[in-house]
Amino acid sequence: MGTLRTGALTRRRVGTRAADLEYAVLDVETTGLDPREGARLVEIAVVRVRGDGTLVEEFSTLVDPRAPVSGQEFHGIGEGDVVGAPRAESIVPRIAQLLSGAVVVCHNLDFEERFLSSELVPAGLPRGLSGLCTLRALRSQLDLPRYSLPRATHLLSGEWPTGQHTALGDARACARLLVEMIANAPGELRYTGPEPRVLRVDVSPHEDALLEEPVRWKPRTTPSPGGLDPFNTWKARWRGSELDAALCGGAFRATERVVAESAARREFRLRSRVAAVAAVTGGIAATVAGGLLVRMAGGRGLGGRAN
């Protein structure tokens, strides 16, 4: 079983209303792109939010990678910044507390999952949590030229997210994108996937302080606490036929788009044929049943006259 069991957002009448769920929006900053090549966590943030946009809780901390801190040109975190920061294994109870009972959300879930699996799962974070990738969800539901978190935010709302390349800034931007997507959808969005798991959080006495610790602010994270800003109204082209989110991962270049869009058109034609056959079959059945009722009624009428 993987760390996250990924679900999807759909406008079909299946699953759970997305607005009724809680989400743990997670983002990480790392020393590289692949933990198999030695990349480690240097910052992690979780923004817990309800589907209606209510902010529940935030947490952010730098993490001691116990390795040289590279990638400073992206995240701006230096060697001195992580001195005294907790190690990854010590924050597992706090992260588990934040993820419990929520759908875990990331923009490019595959990336974050690799680091959760390599550093937090070995330290006790449970596997099999429900997940949702907003990158795949956007590609599935909307036709945009670019889908990165900052560019999609700007294309959809006209605003650039603040605090880019900080874990908390990006988690907030992703949370905002998610709840605005739910609010702006032309039809009711529903979540299809594994139900959120309620986790048991076991902590040792020295970890109690971390569970109660307030958000550890990083200087470059400019937004202040106080909740998400009011929703923006999107001016965006929602797809007439949503794409299969499973086909919306990776680089999603022109070739991948064509494959996903062709699959959506084939499915739409198939569903239309099935609906048409069902309508015809239903009509025939109704006609047959109606004729049978008429004959039965006629038979009862004749019997009445004979008597």
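1. Let's begin with a word you will meet throughout this note: a residue counts as buried when its relative accessible area is under 20%, as exposed when it is over 50%, and as partly exposed in between. Tryptophan 238 is a handy first case: its relative accessible area is 16%, so it is buried. Please keep in mind as you read that this is a predicted model.

2. Tryptophan 238 has a partner to look at. Together with tryptophan 234 it forms a stacked aromatic pair, with 6.1 Å from centre to centre and 25 degrees between the planes. Tryptophan 234 is buried too, its relative accessible area being 8%. If you wonder why two numbers are quoted, a pair of aromatic rings is described by the distance of the centres and the angle of the planes.

3. How many aromatic pairs does a search of the whole structure find? There are three. One of them brings together tyrosine 147 and phenylalanine 252, which meet edge-to-face, with 6.1 Å between the centres and 75 degrees between the planes. Tyrosine 147 sits in the loop between α4 and α5, while phenylalanine 252 sits in the loop between α7 (208–212) and α8 (254–306), so this pair ties together parts of the chain that are 105 residues apart in sequence. Tyrosine 147 and phenylalanine 252 are both buried.

4. Next, find helix α4, residues 134–141. Is it enclosed or open? Eight of its eight residues are buried, so the helix is largely enclosed by the rest of the structure. The buried residues run through Thr134, Leu135, Arg136, Ala137, Leu138, Arg139, Ser140 and Gln141. As you turn the model, look for what covers them: the cover includes the strands β2 (8–10), β7 (103–106) and β8 (129–133), as well as the helices α3 (109–120), α5 (149–157) and α6 (167–184).

5. Helix α4 also borders an internal space. The count of cavities of 30 Å³ or more comes to one, and the largest cavity holds about 50 Å³ of space. Its lining is made of Thr6, Gly7, Ala8, Leu9, Leu132, Cys133, Arg136, Ala137, Ser140 and Ala245. The elements that give two or more residues to this lining are β2, β8 and α4. Which element gives the largest share? That is α4, with three residues. Sorted by class, the lining has six nonpolar, three polar and one charged residues.

6. Arg136 deserves a second look, as it appears both in α4 and in the cavity lining. Arginine 136 forms a salt bridge with aspartate 110, and their closest N and O atoms are 3.4 Å apart. Aspartate 110 belongs to helix α3 and arginine 136 to helix α4, so the pair links distant parts of the chain, 26 residues apart. How accessible are the two partners? Arginine 136 counts as buried at 18% relative accessibility, whereas aspartate 110, at 34%, is partly exposed.

7. That salt bridge has company: the structure holds 20 of them. In another, the side chains of arginine 172 and glutamate 58 meet at 2.7 Å, N to O. Arginine 172 is in helix α6 and glutamate 58 is in strand β6 (residues 55–62), so the pair ties together parts that lie 114 residues apart in sequence. Arginine 172 counts as buried at 9% relative accessibility, and glutamate 58 counts as buried at 11%.

8. Salt bridges can also be joined up. Arg13, Arg17, Asp20, Glu188 and Arg190 are linked in a network of them. Within this group, you can pick out the salt bridge between the side chains of arginine 190 and glutamate 188, at 2.7 Å from N to O. Arginine 190 is buried, with a relative accessible area of 12%, while glutamate 188 is partly exposed at 31%.

9. A last stop is serine 130, which you will find in strand β8. Serine 130 counts as buried, with 1% relative accessibility. What does serine 130 touch, leaving out residues up to four places away in sequence? Its contacts are Leu4, Arg5, Ala102, Val103, Val104, Tyr191, Pro194, Glu195 and Pro196.

Methods
Residues are numbered from 1 along each chain as its sequence is written. This is a predicted model: local features need pLDDT of at least 70, side-chain atom pairs count only at pLDDT 80 or more; totals for chains, interfaces and linings use all residues. Side-chain values use heavy atoms; hydrogens and water are left out. Buried means under 20% relative accessible area, exposed over 50%, partly exposed in between (1.4 Å probe, protein chains only). Helices (H or I, at least four residues) and strands (E, at least two) are DSSP runs, numbered from the N terminus. Contact means heavy atoms within 4.5 Å. On a 1 Å grid over the protein atoms alone, a cavity is a set of points where a 1.4 Å probe fits but cannot get out, and a pocket is an open set with protein on both sides within 12 Å along at least five of seven lines; lining residues have an atom within 4 Å of a point. Grid points are joined across faces, edges and corners, and a volume is the space filled by probe spheres set on the points. Ala, Val, Leu, Ile, Met, Phe, Trp, Tyr, Cys and Pro count as nonpolar, Asp, Glu, Lys and Arg as charged, and the others, Gly among them, as polar. A salt bridge is a side-chain nitrogen of Lys or Arg within 4 Å of a carboxyl oxygen of Asp or Glu. Rings of Phe, Tyr and Trp (its six-membered ring) pair if their centres lie within 6.5 Å; planes under 30 degrees apart count as stacked, over 60 as edge-to-face and the rest as tilted.
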